Amino acid sequence: MVLAMVEGLRERKKREARQHISDVATRLFAQRGFEAVTVVEIAEAAGVAKATVTNYFPRKEDLLLDLQAEAERLLVDALRDRPPGQSVVEAVRGLMHRLLDQRHALSTAAPGMAKFGHLIAKSPALLSRAREQRECLESAVARQLSEETGDPIRADLVARLLLAAATTVVVSSMRRLIAGEPASTVATDQRQVIDEAFDLLSDGIGTFGGST
C-alpha cells in the first residue's frame, strides 16, 4: 500500500509539472504568438530545465495542443463502455454532449477558446500538428472498433467518419468564436450542431457496432 501511495504521489507530481509547463507556454504563446516563443524561454519562465520541457513535450506544438492523450482516452472509453445495443454514432454523440455540458476544452466551450483558436489559425505548424493528432485519434478509434467487430476495413472507414463529424462540430464553433461571436451563443448552438452532424452520420453508418 505504501508503494502504491508513493507511486500515486509521483504520478500526480508529474501531471502537475506537465500542466504547469503547458500553462506557462500557453500564456507566452497568447502574449507573443506561437512562433515567437522558444522552448528555452518557456523553460526559464516555468522554472525548469529545457530538458524537462522536452521530456514532457517532445514537440513544441504539443505544449499548446496538450489534450491528445485525454481525447483518445475519452473516445476509446466511450466506445468500449457503451451499453449493449448502442451504436458507435450514439456513443460518440453522447460524449460530445457530455463534453459540452462540462464546458470541456475539447468542446470549445471552455473559457478563453477564442484566443486559443486564433493561435492555431495563425500557425501552419499548429494546424499541421492538429491534423496529425486527428489522424492518431482515427487510428485509435479504428483499432477499438476492429477489435469489437472483426471488420478492420469498415472499422477504419467508420472511425474516419466519426472523427470527421466531431471535428466539424469543433471547427465550426471555433470559427465562430474567432469571428467574435459571443461564447455563450456558440455554446448554446453547439448542441444543435452536434445533433445535426451525428444525425447525418447515423443515416449512413446506422447501427454499426450496436449489435452486441
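This predicted model holds 20 salt bridges. The exercises below look at some of them.

**Exercise 1.** Find the partner of arginine 32 in a salt bridge, and decide whether each side chain is buried or exposed or in between.

*Solution.* Step 1: apply the cut-off. A salt bridge needs a side-chain nitrogen of Lys or Arg within 4 Å of a carboxyl oxygen of Asp or Glu. Step 2: find the pair. Arginine 32 pairs with glutamate 41, and their closest N and O atoms are 3.1 Å apart. Step 3: check accessibility. Partly exposed lies between under 20% and over 50%. Arginine 32 has 41%, so it is partly exposed. Glutamate 41 has 28%, so it is partly exposed too.

**Exercise 2.** Explain how aspartate 77 and arginine 80 are placed along helix α4.

*Solution.* Step 1: note the contact. Their side chains form a salt bridge, 2.4 Å from N to O. Step 2: count along the helix. Helix α4 covers residues 68-80, and the two residues are three apart, so about one helical turn separates them. Step 3: check accessibility. Aspartate 77 is partly exposed at 22%. Arginine 80 is partly exposed at 44%.

**Exercise 3.** Work out which helices the salt bridge between aspartate 199 and arginine 93 ties together.

*Solution.* Step 1: note the distance. The closest N and O atoms are 2.8 Å apart. Step 2: place the residues. Aspartate 199 is in helix α9 (residues 183-205), and arginine 93 is in helix α5 (residues 88-101), so the pair links parts 106 residues apart in sequence. Step 3: check accessibility. Aspartate 199 is partly exposed at 40%. Arginine 93 is buried at 11%.

How values were computed:
Residues are numbered from 1 along each chain as its sequence is written. This is a predicted model: local features need pLDDT of at least 70, side-chain atom pairs count only at pLDDT 80 or more; totals for chains, interfaces and linings use all residues. Side-chain values use heavy atoms; hydrogens and water are left out. Buried means under 20% relative accessible area, exposed over 50%, partly exposed in between (1.4 Å probe, protein chains only). Helices (H or I, at least four residues) and strands (E, at least two) are DSSP runs, numbered from the N terminus.
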